[in-house]
Amino acid sequence: MNGRVIAILSLIALVICSFVSLDLKLFSFFEPDSFTSMVRFMSEFLHPDVQPAFLFKIAAASAETIAMSALSTLIAAFLGLLIAFKARGVRPLLNVLRAVPELVWASLLLIAVGLGPFAGTLALALHTSGVLGRLYLEAFENQDPGPAWALSASGASSTQIFFFASLPQALPQLVSYTLYRWENNIRAASALGVVGAGGLGQMLSFHLGLFQMNKAASVIAATLILVTVVDAFSDTIRRRLG
Amino acid sequence: MTSTRLADPSPALHDPASRGRFILGVMLFISIWEMGRLTEFDVNGLWGAVTDPAPRAFLLGFFPPAHSAEFLKLALLETWRTIAIASCGMFFAGLVGVPIALVLTRVLSLSALGNLENGSGWISERVRQFLRYVMIFLRSVPELIWALLLVRVVGLGPTAGVLAIAITYSGMLGKVYAEIFESVNREPTLALLNQGASRLQAFAFGLLPQCSDELISYTVYRWECAVRSSVVLGFVGAGGLGQQMDLSMKMFAGNEVCTLLILFVVLVAVADWTSQILRKVWG
């Protein structure tokens, strides 16, 4: 009981200190300047740009976003399997890959490989292989060792054991983890572009930079549709597998 | 008779699934190839990242990390601001999320009293449906995009970060709190309501005691996520560690980036550790 009181008091103290130290301008919304600009934003926002030429551009950027997320998830799944199969000693490396968010990887890689979807794909692949590597390792560690022992007792090599005992047993779980990460990655891929790593995000930050709110609204709507569709799609696959 | 059979390709060697597998393989290859083209995949570019002078200088600059007293002071201040942005954002998210979760909770509905099976009144059901859609919208737009929009409205700085976290997380908290409220045993709450307790009384004495542990544990977990995402929000100008990291990267100051990355990893580890302790306190 005492521990709870201390915890609650320190949480309250944390929130109060945060508010005191941050110098928030929460009421700047209601200053005449930003109020008029917000009203203008909103009115433009409610009239999204739906010209065919612009919609075509959005479709191209959406395809780029899908490709970024899918390809990076595939690469990460491959690396994750490799790690789970051969390199179990790399756990600390996995933690580093996982701890650094996609966006930070992306801005580091932008310096290395330049602007564009390639940097975004690599960033997603690095972060995701950290996550998937750990999930895969755990899936293999928690599975029933019986089949692997049986094969090992009949003289199978470690490669044979992996492909005929460990992998088939863990496969449904691995697929479900991978699909879950793909859902995550499509969200991340549509946001990564904000730092210049391609896809819908890059388009959004470009049009927001020019204060073209109607175009930005269409891009955000496209992002929402894309995320919803992918969620529904991978949900269906998972239910069929599960 | 037997000789003609032997002349046929042996049925044992003929795999009926081979055609499907072949087509699937070709389709997979083409789609991976196409994705590689769309993402401008370039292995040579990857090699260039290590050999070109500018990126190499940047990477070599990582060691030793920047450690002048002045920079460390600045970096620590930004780390605190990151925590503060996350905490303020969570506070506002709770302020919005809790009332919405209460409205969404069908157990507390007076019009549903006595006929839970038939559902509550038509209007209140529509209001709930509408609120559910609002919640979905709030949390479906990534917080980075909210921040990007808000930076244009309220200007650069922590205000945009706090509001972005508040918006996204109120959507999540509202939904999950409502699910937690719905998942507990209804009888105590219904008994209180039937005895003439007000809805807030029924909530505070019937519903809340059953699920306070779960609520706190989830909130602390979300706070940990908010700390992570407030770092990322800094990259669009919403203040904190991320903004400083963005600045250092744009100046190609590898040593500063290295220090900030180390601080970030430590911060995430500390947030993780704190939330584990808090969750253990509420066991």
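**View 1. α3(A) passes α2(B) in a left-handed crossing.** This is a predicted model, and the close-up picks out one spot where the two chains' helices pack. The pair is helix α3 of chain A, residues 52-86, and helix α2 of chain B, residues 18-38. Their axes sit 9 Å apart, at an angle of about 115 degrees. From α3(A) come A:Ala63, A:Glu64, A:Ala67, A:Ala70 and A:Leu71, and they meet B:Met35, B:Gly36 and B:Leu38 in α2(B). Sorted by type, the residues of this helix contact are six nonpolar, one polar and one charged.

**View 2. B:Glu40 is a buried residue with contacts in chain A.** Look for B:Glu40 in the loop between α2 and α3 of chain B. Is B:Glu40 buried or exposed? B:Glu40 counts as buried because it has 20 C-beta neighbours inside 10 Å, and the cut-off for being buried is 20 or more. Leaving out residues up to four places away in sequence, B:Glu40 touches A:Gly116, A:Pro117 and A:Phe118.

**View 3. The contact of chain A with chain B, seen from the chain B side.** How many residues does each chain put into the contact? Chain A gives 48 residues and chain B gives 45. On the chain B side, helix α5 (residues 69-104) supplies the largest share, with seven residues. By type, that side of chain B splits into 33 nonpolar, six polar and six charged residues.

**View 4. The largest nonpolar core has 127 residues.** Which residues have the most contacts inside this core? From chain A they are A:Ala106, A:Ala123 and A:Leu192, and from chain B they are B:Ala147, B:Ala164 and B:Ile165. As general background, nonpolar side chains tend to be buried together in soluble globular proteins.

**View 5. Zooming in on B:Ile165, one of the core residues with the most contacts.** Set aside the neighbours within four places in sequence, and there's still a fair list to go through. B:Ile165 is in contact with B:Ile85, B:Ala86, B:Gly89, B:Met90 and B:Ala93. B:Glu143 is also in contact with B:Ile165, as are B:Ala226, B:Ser229 and B:Ser230.

**View 6. Chain B has twelve helices and zero strands.** Its pattern along the sequence reads α-α-α-α-α-α-α-α-α-α-α-α. The radius of gyration of chain B is 28 Å, well over the 19 Å that the globule rule gives for 283 residues, so chain B is more spread out than a compact globule. Along the principal axes, the C-alpha atoms of chain B fill a box of roughly 85 × 85 × 40 Å. Buried residues come to 38% of the 283 in this chain. Of the contacts in chain B with a separation of 6 or more, 75% are between residues 24 or more positions apart.

**View 7. Chain A has ten helices and zero strands.** From the N terminus on, chain A runs α-α-α-α-α-α-α-α-α-α. Chain A is more spread out than a compact globule, because its radius of gyration of 23 Å is well over the 18 Å that the globule rule gives for 242 residues. The C-alpha box for chain A, taken along the principal axes, is roughly 80 × 60 × 40 Å. Of the 242 residues in chain A, 40% are buried. Residues 24 or more positions apart make up 73% of the chain A contacts with a separation of 6 or more.

Technical notes
Residues are numbered from 1 along each chain as its sequence is written. Chains are lettered from A and ligands numbered from 1 in the order in which they are written. This is a predicted model: local features need pLDDT of at least 70, side-chain atom pairs count only at pLDDT 80 or more; totals for chains, interfaces and linings use all residues. Axes are lines fitted to C-alpha atoms, for helices over the stretch in contact, and angles run from 0 to 180 degrees between N-to-C directions. Helices (H or I, at least four residues) and strands (E, at least two) are DSSP runs, numbered from the N terminus. A crossing is left-handed if the near helix is turned anticlockwise from the far one by less than a right angle, and right-handed if clockwise. Two residues are in contact if their C-beta atoms, placed from the backbone, lie within 7 Å. Ala, Val, Leu, Ile, Met, Phe, Trp, Tyr, Cys and Pro count as nonpolar, Asp, Glu, Lys and Arg as charged, and the others, Gly among them, as polar. The radius of gyration is taken over C-alpha atoms; the globule rule is 2.2 Å times the number of residues to the power 0.38. A residue is buried if 20 or more other C-beta atoms lie within 10 Å of its own, exposed if 12 or fewer, and partly exposed in between; C-beta atoms are placed from the backbone. A nonpolar core is a set of buried Ala, Val, Leu, Ile, Met, Phe, Trp, Tyr and Cys residues joined through C-beta atoms within 7 Å.
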